[in-house]
Amino acid sequence: MSSRRPGPYSEQGFTVIEVLVAMAILASVCLFMSAYLHTIIKRERTKATVREVSTMVLSARMQALRRECNVVLQIDPVAHDITSWADSLPLNLVRDRGEMVLSYLRLPASVSLRSVAGVVDGPDSVSFDEYQNDATLVDRIVFRSDGSLLVPQAPNSRVPDRPVTYSANVPSMSVNCRVTGCRGIFIADRSDGGTSRNLFRIGVDDFGRTGKPSLLKWLPPEQGGNGGERNFVPPPWKWTN
């Protein structure tokens, strides 16, 4: 009777080394997928917050038209929340006792209000400042009864410029938000770490004196020297890694 020796691919099972190698490969794949999924979830959370704030600004304008009164939307960088109310007598752009809250939003901790200059939750992260020669009236968007914007007076709350030239990266429907400041609510991912990454701006009257909000993404210097913000309504957004 002849005997057969087991070959290298016999049914004796895996060796310890083979099992360890397989486990190491599986662990590496799981680690990569976990980091990838975390990045995707973080991005989608930031995008969802930006859309929600933009919708809240649009809703405040619609409420001003429907109620035929001033509607104030105030963004509080310290409390990290947004409140809108109908401004009745006295018309002081301050929420007095009895004035109805129309909407409220608590901003998630994963996003920051950050100026183009990179200051997180600072005074220029919400550049709708100074009304009626009162420098204490800051961080609030005021819509009139006809839906138009009560124009803020602070230097950092000016309307953005139009780009000097247009290209494939800077289309005709673009504006150029100066680093020194322009009107808007600036929202970014809190963990992105720099001034040139994934900064969104919600503005009003960027494309004409109509009071209509716009949602844009600030283009960093490495993408053309901030040659123009693209109007990202509707998306896609270009995400900078």
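**Strands, cores and confidence**

Colleague: How many bridges join strand β1 to strand β2?

Modeller: This is a predicted model, with residues numbered from 1 along each chain as its sequence is written. Local features need pLDDT of at least 70, side-chain atom pairs count only at pLDDT 80 or more, totals for chains, interfaces and linings use all residues, and side-chain values use heavy atoms, without hydrogens and water. Strands are DSSP runs (E, at least two residues; helices H or I, at least four), numbered from the N terminus. β1 (residues 70-76) runs antiparallel to β2 (residues 81-87), and the bridges joining them number seven.

Colleague: Which residue in β2 stands opposite Asn70?

Modeller: β1 and β2 are antiparallel. Opposite Asn70 stands Asp87.

Colleague: Which strands stand at the edges of the open sheet, and why is one side of each left without a neighbour?

Modeller: The sheet has four strands in the order β3-β2-β1-β6, with antiparallel pairing (at least two DSSP bridges per pair). Each edge strand has a single partner, so one side lacks a neighbour in the sheet: these are β3 (101-106) and β6 (140-143).

Colleague: Which element gives the most to the largest nonpolar core?

Modeller: Such a core joins buried Ala, Val, Leu, Ile, Met, Phe, Trp, Tyr and Cys through side-chain atoms within 4.5 Å; buried means under 20% relative accessible area (1.4 Å probe, protein chains only). This one has 34 residues, and Ile75 and Ile141 are among those with the most contacts inside it. Six residues come from the top contributor, α1.

Colleague: Where in the chain is confidence lowest?

Modeller: The chain averages a pLDDT (confidence per residue, from 0 to 100) of 80. β6 is highest, at 97. The lowest mean, 56, belongs to strand β11 (residues 229-231).

Notes. pLDDT is the predictor's confidence in each residue, from 0 to 100. Buried means under 20% relative accessible area, exposed over 50%, partly exposed in between (1.4 Å probe, protein chains only).
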